[in-house]
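Work through the exercises below with the sequence and the coordinates open. Each task is followed by a solution in steps.

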Amino acid sequence: MAIQVKEGKETLFTIQTKHTTYQMKTDAYGVLQHLWYGATIKGDMSYLLDYPDVGFSGNIYEAGNQRTYSLNTLPQEYACEGVGDYRISAVAVTHADGSNALDLRYQSYTIKKGKYAIQGLPAVYAAEKEAETLEIVLKDTASSVQVTLRYGVLPELDVLTRCVSISNLGDTTVQLTKAASLCLDVPYGKWEWMHFYGRHAMERIPERMPLLHGIQESSSTRGTSSHHQNPSVLLCSPDCTETSGSCIGAVFLYSGSFQTKIEYDQMRQTRLIMGLHPDLFRWELKPQETFDTPEVLFSYSENGMETLSHRFHKAIREHVCRGKYQLAERPILINNWEATYFDFNEEKILHIAQEAARLGVDMLVLDDGWFGKREDDNSGLGDWFVNEKKLKGGLDSLVSKIKALGMKFGIWFEPEMVSEDSDLYRCHPNWAIEIPGRKPMRGRYQLLLDMTNPDVQEYLYERISDILSSTDISYVKWDMNRSISDWYTALLPAERLGEMPHRYVLGIYALLERLTSAFPNVLFEGCSGGGGRFDAGMLYYCPQIWCSDDTDAYERTIIQYGTSFFYPTSTVGSHVSVVPNHQTGRITPMKSRAVTAMAGSFGYELDLNLLSEAEKEAVQQQIQQFKQYGSLIHNGKYYRLSNPMESNYAVWEFVSEDQKEVLVQGMIFRTEANMVRYCVPLRGLDKNCIYRLKDGTSYSGSALMKGGILLPKSWGDYYPVSLYFVGE
Ligand code: DGJ
């Protein structure tokens, strides 16, 4: 049993995974104290708790004159507001009388086989024998608010999950104003934190900072998880590297506004909170109602960040992503966006497809512009009917011709949006999110549909399924090109409007669940202006996400480096595009663009007809290479061999599970005259194995790991690196 409970006056809960221990206990007052999350330990860690008498840290009434017992200094499992813990809190309510205190005390626990699921929300799943669930019930001392803390345990994977259910068992309505999913007190040790920030077309740039006394935060209030901050975070010991030191990682399975807060307090204790962003969250809990929070997936490693990443990659690929394509080889696709933008017709698309088919591409994806009146981004969104002016014979005619080339066909939607210049808006202006009496903010000229409205959901389901059933479609790119504002829906009374942001996300999830179930053979790829909704919530429905609108191979090495801390390579949509690059004007060699795009779910985003014969030949070879290496890239372990923001090269490595296949790829950024070659130690090999390169040169695993491999002598900038070793 991974979950062990020692009952007594104080009940001790211990969760053991293969290499970690999580521990908490109820104390004499029924407060659930957090004791430990870290390397495997035996025994009761409560001996580490200190009970200092700290000024201005009040004491619960039952503690009488015991000035050393304070909720403000003790590590809590789920910190509340209003009863004397002045650090950041996980949960807050407003009772019917306007007061907002919540004082949660232990009631009971249950252990279940398997991993819990959450109705309407993405969650880690596992076979019954792979997981256990612990539920701990806490109740407020003075009201009928009950909180159930859920812990999912996947012992072999060394990962845990947490989510919370908050119930109103009383007979008056309670307003829930904050409901985090994870509250983790780390009372010992010195920590730094790492978060992933960015902007459109430059997402998930890692930033590591010492913790300052006080509060640090990474969050989104955009209604989506955002390009600007990712719902993932790391706490690292100051000496933590890729391969050594302690770190805790957490990722939120959610696609809307979120908040990650870390407080380093007066006692040098650290508290990490992760969950729904409270500024965009209110929930009315009527008598007997329950609210379920989304889930956080987290892990601890005492061997550095690489181990942590491997755990998240496995957990997300095998226990979050779902469907036919979860583990399957992904089609190599060509997308027409950067090739044509809106300016295409059937002929142009077929011309692109013909050359792509000849060179070995598996699938053509028709991007924005195939529907409604859509000559540019000013109009048409919402009118999901084929534009027969552009596609004269209709979609089926195009698809049949593409299929005749031996290719699959995929198509783009941006379901959540509506253009003011669209039939949909003219017919249902009240389906758009607008506050009566105000002009709504427009983003890329467009408005949002109210995804909380069942009629909107029904319309989208009908339109999308109608298109998907009209012909043989194998893939959908689900885009979303603006941040959300002007939260208003006539469907909720004023006092419940604060529920809308979360209900919006639930609406998307419901629609995605319906569509992915109805079309199980279709590969759904998430997208939000590239990686603006690259999160583990979306990955539950879409096993890959367009990583960034930035297709510049150099910048992609940084974006993909940051993305790799939590998200597996198979989830990263990545394409070769033309030079000069459309986002940066940078010129990089074809081969470097290919090795960068191969560290993901591979494809092209250009008109292959415009390439030289030599480049076309290179494309053919790249396709063959991805066919050969794809399984290693998606199923192997991924190693970050350099930090591209700090070195003159970006090099990463894939190692197969049996350690017999190794692929080292990347690029050297700048070449200098009389340049000394870089030597990079490899990782994760079998030290006793002999590894051979294609040219016959061989090295022992120990040599490659201790001595390293010399990167090729570079010529020009962004020089590609690609070394494939086979172990003997
Ligand atoms: C943003 C996406 O990220 C692009 O790849 C493309 O699909 C455009 N939207 C189309 O409008």
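The model is predicted.

**Exercise 1. Glutamine 16 and its sheet**

Task: Find which side chain makes a polar contact with glutamine 16, and place glutamine 16 in its sheet.

Solution.
Step 1. The side chains of glutamine 16 and threonine 21 are joined by a polar contact of 2.6 Å.
Step 2. Glutamine 16 belongs to strand β2, which covers residues 12-16.
Step 3. Strand β2 is part of an open sheet of four strands, in the order β1-β2-β3-β4, with antiparallel pairing. Its edge strands, each pairing on one side only, are β1 (3-6) and β4 (32-39). From one strand to the next, the twist averages 15°.
Step 4. Relative accessible area decides the burial class: glutamine 16 has 18%, and because buried means under 20%, glutamine 16 is buried.
Step 5. With neighbours within four places in sequence left aside, glutamine 16 is in contact with Ala2, Gln4, Thr21, Thr40, Ile41 and Pro155.

**Exercise 2. Pairing of β3 and β4**

Task: State how many bridges join β3 and β4, and name the bridge partner of lysine 25.

Solution.
Step 1. Strand β3 spans residues 20-26 and pairs with β4 in the antiparallel sense over seven bridges.
Step 2. Lysine 25 has glutamine 33, in β4, as its bridge partner.
Step 3. As background, strands of a sheet pair through backbone hydrogen bonds, either parallel or antiparallel.

**Exercise 3. The six-stranded sheet**

Task: Give the strand order of the open sheet of six strands and the residue that stands opposite tyrosine 691.

Solution.
Step 1. The order is β31-β32-β33-β38-β35-β36, and the pairing is antiparallel.
Step 2. At the edges are β31 (637-640) and β36 (698-700), each of which pairs on one side only. The twist here averages 25° from one strand to the next.
Step 3. Strand β35 (residues 690-693) and β36 run antiparallel and are joined by three bridges. Opposite tyrosine 691 stands tyrosine 699 in β36.

**Exercise 4. Two loop residues**

Task: Decide whether serine 255 is buried or exposed, do the same for glutamate 242, and list their contacts.

Solution.
Step 1. Serine 255 sits in the loop between β15 and β16 (258-264). Its relative accessibility is 2%, so serine 255 counts as buried.
Step 2. The side chain of serine 255 makes a polar contact of 2.7 Å with that of tyrosine 509. A polar contact of 2.8 Å links the side chains of serine 255 and aspartate 535.
Step 3. Beyond four places in sequence, the contacts of serine 255 include Gly223, Thr224, Ser225, Val505, Arg533, Gly537 and Met538.
Step 4. Glutamate 242 lies in the loop between β14 (232-236) and β15 (247-253). At 15% relative accessibility, glutamate 242 also counts as buried.
Step 5. Not counting residues up to four places away in sequence, glutamate 242 touches Asn303, Gly304, Met305, Glu306, Thr307, Phe565, Arg640 and Arg683.
Step 6. Glutamate 242 and leucine 641 are 399 residues apart in sequence, and their C-alpha atoms are 8.8 Å apart in space.

**Exercise 5. Glutamine 107**

Task: Classify the accessibility of glutamine 107 and give its contacts.

Solution.
Step 1. Glutamine 107 is in strand β6, residues 104-113.
Step 2. Its relative accessibility is 45%, so glutamine 107 counts as partly exposed.
Step 3. Glutamine 107 touches Val137, Leu138 and Lys139, with residues up to four places away in sequence not counted.
Step 4. From glutamine 107 to threonine 148 the C-alpha distance is 9.7 Å, at a separation of 41 residues in sequence.

**Exercise 6. The ligand**

Task: State how many residues surround the ligand and what share of its area the protein buries.

Solution.
Step 1. The ligand is surrounded by 13 residues, of which the closest are Asp367, Asp368, Lys477, Asp479 and Asp549.
Step 2. In aspartate 549, a side-chain N or O atom is 2.4 Å from an oxygen atom of the ligand. For arginine 444, the corresponding distance to a ligand oxygen is 2.8 Å. For tryptophan 546, a polar side-chain atom lies 3.4 Å from an oxygen atom of the ligand.
Step 3. The ligand taken alone exposes 300 Å², and the protein buries 98% of that.

**Exercise 7. Helix α9**

Task: Count how many residues of α9 are buried, and name them.

Solution.
Step 1. Helix α9 comprises residues 590-598, and eight of its nine residues are buried.
Step 2. The buried residues are Met590, Ser592, Arg593, Ala594, Val595, Thr596, Ala597 and Met598.

Key: Residues numbered from 1 in each chain as written. Predicted model: local features only at pLDDT ≥ 70, side-chain atom pairs only at ≥ 80, totals over all residues. Heavy atoms only, no water. Pairing = 2+ DSSP bridges. Helix = DSSP H or I, 4+ residues; strand = E, 2+ residues; numbered from the N terminus. Axes fitted to C-alpha atoms, helices over the stretch in contact; angles between N-to-C directions. Buried < 20%, exposed > 50% of the residue type's maximum accessible area, 1.4 Å probe, protein only. Polar contact = N/O pair within 3.5 Å; in protein donor to acceptor, adjacent residues only side chain to side chain. Contact = heavy atoms within 4.5 Å. Near = heavy atom within 4 Å. Areas by Shrake-Rupley, 256 points an atom, 1.4 Å probe, with all protein chains shown as cover.
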